[in-house]
Amino acid sequence: MDTKILQVKPENVTPQELRDAGEILRRGGLVAFPTETVYGLGGDAMDAGAAAKIYEAKGRPSDNPLIVHIADMDGLENLAKEIPDVARKFAKAFWPGPLTMIFKKREEVPEGTTGGLDTVGVRMPEHPVALALIRSAGRYIAAPSANASGRPSPTLAEHVKEDLDGRIDMIIDGGAVGIGLESTIVDVTGDVPLILRPGCITAQMLEKVGGRVETDAAILAQTPQKNVVAKAPGMKYRHYAPRGEMTIVEGETPAVVHKIIELVEEKRRQMPEAKVAVVASGETRGKYPPEILVVEAGSREKEGDIAAHLYAVLRDLDTMDVQFIYAESFSTDTMGQAIMNRMRKAAGYRILRV
Ligand code: TXA
Ligand code: MG
């Protein structure tokens, strides 16, 4: 299959420009598109055949449900069987935006889209291209992140091309995404809303709007726990994995830098041929001796900077064929929990504390 690339300027995208993309979706084809979190791989959510194509293109296990993207509140009424009051409050406060809510699904939503579950994840994205595409197609769009399964989520159209070229009908290139990590997921089917995946919308932000919120124990765990299974099916897979072996060093920054230098030198002595790299912040990169390869993930002081660059850094490490990665921990800004959740998984929970 020949994958078309469509360049658009998000600030002034027109329905006209997205006419072909909308047509592809109505025919049951696949279109990758930018959202404010990461690029999504879209197909018609009400068409089980389109969902099957998404799983195939990504090489994703089909028990892992897809998030359905809508452009207005009518969409939610048509997908969810019940809409609890707290969900209406969250929608009012955070939609369009990086929040996915899990509802009991209506009959009409195919199980092919929901991984066989009787619930459906719904999100109204805050990106002009995503919203225009949903409207142009006149469909609700099921879209997982547009990476090959097991690779870091794409934050640029080039990342989508790397993973899915020739496997999907179209990639809409709207430039770099803003946030860089996937949406917060909150399950609103129970008595108390339950966070299944941390993101840019934090528990505190949700609590301000809707009262008490809980967080899935599998997320809070520093290591994978026996008998604690993540409630979002996708969270149980080893995601976001660079090909190299990654170790995270946590602690006070000067001690972390000192320990990482020690670890790199030790690895060099044991395996002089191996390619080793350090993931550091803008503030610490100058603290490593020049013979150590340092990749910068962004500034700790600029809110959101590290989140925005993390996945691109993980991809770069693969491109450079790095075999051993030592990463600082970045838990300072409000996205700290979301960042460290992704990094711990990428590291397969290989974490040292100093
Ligand atoms: O920011 C995002 O959410 C991006 C953009 C494209 O919108 N999408 C995204 O989709 O991250 P994906 O498929 O990579 O991650 C979806 C996660 C998976 O962990 C999945 O298990 C969970 O959402 N999920 C979806 N529907 C669910 C449901 N009904 N119950 C529990 N978890 C669900
Ligand atoms: Mg994903």
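1. How many bridges join β1 to β8, and do the two strands run parallel or antiparallel? Four bridges join β1 to β8, and these two strands run parallel; within this pairing, L6 has I172 of β8 as its bridge partner. Strands and helices here are DSSP runs numbered from the N terminus, with at least two residues (E) for a strand and at least four (H or I) for a helix, and two strands pair if DSSP finds at least two bridges between them.

2. Please keep in mind that this is a predicted model, in which local features need pLDDT of at least 70 and side-chain atom pairs count only at pLDDT 80 or more, while totals for chains, interfaces and linings use all residues. Residues are numbered from 1 along each chain as its sequence is written, chains are lettered from A and ligands numbered from 1 in the order in which they are written, and side-chain values use heavy atoms, with hydrogens and water left out.

3. The pairing of β1 with β8 belongs to a wider arrangement, for there is an open sheet of eleven strands with mixed pairing, in the order β1-β8-β2-β3-β7-β4-β6-β5-β9-β10-β11. Because β1 (4-7) and β11 (214-215) each have a single partner strand, they stand at the edges, and one side of each is left without a neighbour in the sheet.

4. Strand β2 shows both kinds of pairing, since it is joined to β8 by two bridges in parallel and, over residues 31-33, to β3 (residues 40-44) by three bridges in antiparallel fashion. V31 takes part on both sides, standing opposite M170 in β8 and opposite G42 in β3.

5. Two helices pack on this sheet. Helix α1 (residues 19-26) touches β1, β2, β3, β7 (141-142) and β8 (170-173), and its direction makes about 145 degrees with that of β8. Helix α6 (residues 157-164) touches β1, β2, β3 and β8, and its direction makes about 165 degrees with that of β8. Contact here means heavy atoms within 4.5 Å, and the angles, which run from 0 to 180 degrees, are taken between N-to-C directions of lines fitted to C-alpha atoms, for helices over the stretch in contact.

6. Which way do the residues of β8 point? M170 and I172 point one way and I171 and D173 the other, and all are buried, a word that stands for under 20% relative accessible area, with exposed for over 50% and partly exposed in between (1.4 Å probe, protein chains only). In a regular strand the side chains alternate between the two faces of the sheet.

7. Some loop residues deserve a careful look at their backbone. P96, in the loop between α4 (85-94) and β5, follows W95 through a cis peptide bond with omega near -10 degrees. D321, in the loop between α10 (305-319) and β15 (324-328), has phi near 60 degrees, a positive value in a residue other than glycine, and D321 is exposed, with a relative accessible area of 58%. Y349 lies in the loop between α11 (336-346) and β16 (351-353); its phi is near 65 degrees, also positive in a residue other than glycine, and Y349 is partly exposed at 25% relative accessible area.

8. Finally, A48 has its place in helix α2 (residues 48-58) and is partly exposed, with a relative accessible area of 39%. A48 and G174 are 126 residues apart in sequence and 27 Å apart in space, C-alpha to C-alpha.
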